[in-house]
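This briefing covers salt bridges and the solvent accessibility of the residues that form them. The structure comes first, then the points by topic.

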Amino acid sequence: QLRYLIKHLDCLVATNQEGIIEYKAAGYPETKIHHIPNGVLPLLVKKTESNETVNVITTVRLDRQKGIDILLKAWSKLVAQEKNIKLSILGQGHLETELKNMAKSLEIDDSVKFFGVVNDPENYLRKSEIFVLPSRAEGMSNSLLEAMCIGLPCIATNISGNMELIFGNEGGNFPKGEFLIGQRGILVNPEDAEGLSKAILYLVRHPEKREELGEKARQFIQQNYSIDIVAEKYIALYQRLLNGQSRCVESAER
């Protein structure tokens, strides 16, 4: 379908570097590929809570791609080492019943709560200390953008858009069972419950690192991924196309 469609397109927009590579591989001219990431509305900065319990949160669609089964396996390892932790899972999907049963079978359902779809996810984010995105595949996650924008320290899998947001162009390779501290968060390997549990445990036990990564993430997102900045890039692109110029505007600043 992509190979057919690109014959008729004046320009292609990729939300991440992986998309650019895919379009080039399909034969689309690189000069007509434009990188514009997803944007996020400015959110209220998370307020520091004086609470002994560390609240971990994820906001996802409950399907296999999002890796919540890996998160639950990682959580079963965590609760054996830390008692004052809670996991909030926001979202719904066809695996909801299966994942709830999995939490019960792992005997972690007392520290894991499924909230379903909520009208005010920002309120839940502000009351949390750590955000986790254990996806097997991602483009440019709005959930991760919002968590970073609010100043939450984030742990995400070392794939495409996640890597770009947290680490930069190159996430680097690291062994299974370990994690990598990036410029604006922590990366773990996909399908790696051991590495994910270690990464969460590290942030649980290092509140000063949570504050540092959260603040760096907030500044980066607000300076580069604000919805106003992204909208201006689209307006410039549309104007260039309407004026009959075949080349796209310059790629978004990294």
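In this predicted model, Arg61 and Asp63 are joined by a salt bridge between their side chains, with an N to O distance of 2.5 Å. The search over the whole structure finds 14 salt bridges.

**Arg61 and Asp63**
- Arg61 has a relative accessibility of 40% and therefore counts as partly exposed.
- Asp63 is buried, because its relative accessible area of 13% falls under the 20% cut-off.

**Arg136 and Asp69**
- Asp69 pairs with Arg136 in a salt bridge whose closest N and O atoms are 2.8 Å apart.
- This pair connects distant parts of the chain: Asp69 belongs to helix 3 (residues 68-78), while Arg136 sits in the loop between strand 6 (130-133) and helix 6 (142-149), 67 residues apart.
- Arg136 is buried, at a relative accessible area of 17%.

**Lys198 and Glu178**
- Between Lys198 and Glu178 there is a salt bridge, with 3.3 Å separating the closest N and O atoms.
- Glu178 is in the loop between helix 7 (160-166) and strand 8 (179-181) and Lys198 is in helix 8 (residues 193-205), so the salt bridge ties together parts that lie 20 residues apart in sequence.
- Both partners are partly exposed: Lys198 has a relative accessible area of 32%, and Glu178 one of 35%.

**Network**
- Arg64, Asp69, Arg136 and Glu191 form one network through salt bridges that share partners.

Key:
Residues are numbered from 1 along each chain as its sequence is written. This is a predicted model: local features need pLDDT of at least 70, side-chain atom pairs count only at pLDDT 80 or more; totals for chains, interfaces and linings use all residues. Side-chain values use heavy atoms; hydrogens and water are left out. A salt bridge is a side-chain nitrogen of Lys or Arg within 4 Å of a carboxyl oxygen of Asp or Glu. Buried means under 20% relative accessible area, exposed over 50%, partly exposed in between (1.4 Å probe, protein chains only). Helices (H or I, at least four residues) and strands (E, at least two) are DSSP runs, numbered from the N terminus.
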